[in-house]
Amino acid sequence: MRNILLTAAAVSALAAPAFAQSATTEAPRGYGSLGYTYLDDAYTGAVTGRLGVNLNRYLAVETEASVGVRDHDYELAGVDGTLKHEWDAAGYVVGKYPIGDRMELFARGGYGHTELKQEIAGQTTDVGGDHWSYGAGATYNLDGANGVRADWTRRDFDGDSNELDSYTLSYVRRF
């Protein structure tokens, strides 16, 4: 968790010069979102909250945290098991490209941690871990403050060949 916070702080510090060189005169604008994330291949789900700051029209930094709300029950060789999504957190740098007044496309990259627990035959094993993350999506602004966001993010776990895709649909509020 400490590494995630240090990474988020470093990303914010690196993005500060881009903010200072912004060609626009508008002040940074914050945003938050709340939605549902589905973890593909793990077949689990989570409630995800995000907070971000638009440094200029094309660049933002954001953090996210999720709490698992849907577990995956399975059977392996006649033994019942459960995969639980406990929590995850990450920090991202986000590149944005506005399309008209209401829509923007974005790509993001960052670092995070996903905590999953596998229970089978009375044994519990931690799965998941630290990961580099990258993805893309779109936000449609319903008005000046409210919007809807859909995105895909790939979690590429450190020191492993494991990857996990997630899909999120969320409500966005700009402030």
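Is E115 buried or exposed? E115 is buried, because its relative accessible area is 15%, under the 20% that marks a buried residue. The structure is a predicted model. Its chain comprises one helix and nine strands, and in sequence order the pattern reads α-β-β-β-β-β-β-β-β-β. Of the 175 residues in the chain, 42% are buried.

**Overall features**

- Among contacts between residues at least 6 apart in sequence, 55% connect residues at least 24 apart.
- The chain has an exposed area of about 9400 Å², of which carbon and sulfur atoms contribute 58%.

**Surroundings of E115**

- E115 belongs to strand β6, which spans residues 103–120.
- The side chain of E115 forms a polar contact of 2.8 Å with the side chain of H113.
- When residues up to four places away in sequence are set aside, E115 touches K84, H85, E86, W87, D126 and V127.

**Surroundings of T153**

- T153 lies in strand β8, residues 146–157, and is buried with a relative accessible area of 1%.
- A polar contact of 2.8 Å connects the side chains of T153 and R108.
- Beyond its neighbours within four places in sequence, T153 is in contact with residues including Y92, R108, Y134, L164 and D165.

**Nonpolar cores**

- In soluble globular proteins, nonpolar side chains tend to be buried together.
- The largest nonpolar core consists of seven residues, namely Y31, A60, A90, Y92, V94, F106 and V172.
- Strand β5 supplies the largest share of this core, with three residues.
- Another core, of six residues, lies apart from the largest nonpolar core and has L39, L116, F157 and L164 among its members.
- F106, a member of the largest core, touches residues that include V94, G135, A138, R149 and D151, not counting those up to four places away in sequence.

**Nonpolar surface patch**

- A nonpolar patch on the surface is formed by Y58, Y97, I99, M103, L105, Y140, L142, V148 and L169, which together have about 850 Å² of accessible area.
- Strands β5 (79–99) and β6 are the elements that each give two or more residues to this patch.
- V148, one of the patch residues, is placed in strand β8 and is partly exposed, with a relative accessible area of 37%.

**Salt bridges**

- The whole structure contains 13 salt bridges.
- R50 and D151 form a salt bridge through their side chains, at 3.1 Å from N to O. R50 is in strand β2 (residues 44–54) and D151 in strand β8, so this pair ties together parts that are 101 residues apart in sequence.
- R50 counts as buried at 3% relative accessibility, and D151 is likewise buried, with a relative accessible area of 5%.
- A salt bridge of 3.2 Å, N to O, brings together the side chains of R108 and E64. This pair links distant parts of the chain, with R108 in strand β6 and E64 in strand β3 (residues 59–70), 44 residues apart.
- R108 is buried at 4% relative accessibility, and E64 is buried with a relative accessible area of 6%.
- D165 pairs with R154 in a salt bridge whose closest N and O atoms are 2.8 Å apart. D165 is in strand β9 (residues 163–174) and R154 is in strand β8, eleven residues apart.
- D165 is buried, with a relative accessible area of 14%, whereas R154 is partly exposed at 22% relative accessibility.
- Through shared salt-bridge partners, R50, E62, E64, R108, R149 and D151 are joined into one network.

Notes: Residues numbered from 1 in each chain as written. Predicted model: local features only at pLDDT ≥ 70, side-chain atom pairs only at ≥ 80, totals over all residues. Heavy atoms only, no water. Helix = DSSP H or I, 4+ residues; strand = E, 2+ residues; numbered from the N terminus. Buried < 20%, exposed > 50% of the residue type's maximum accessible area, 1.4 Å probe, protein only. Polar contact = N/O pair within 3.5 Å; in protein donor to acceptor, adjacent residues only side chain to side chain. Contact = heavy atoms within 4.5 Å. Areas by Shrake-Rupley, 256 points an atom, 1.4 Å probe, with all protein chains shown as cover. Patch = residues over 30% accessible without salt bridge, like charges linked within 9 Å, V, L, I, M, F, W, Y side chains within 5 Å. Salt bridge = Lys/Arg side-chain N within 4 Å of Asp/Glu carboxyl O. Core = buried A, V, L, I, M, F, W, Y, C linked by side-chain atoms within 4.5 Å.
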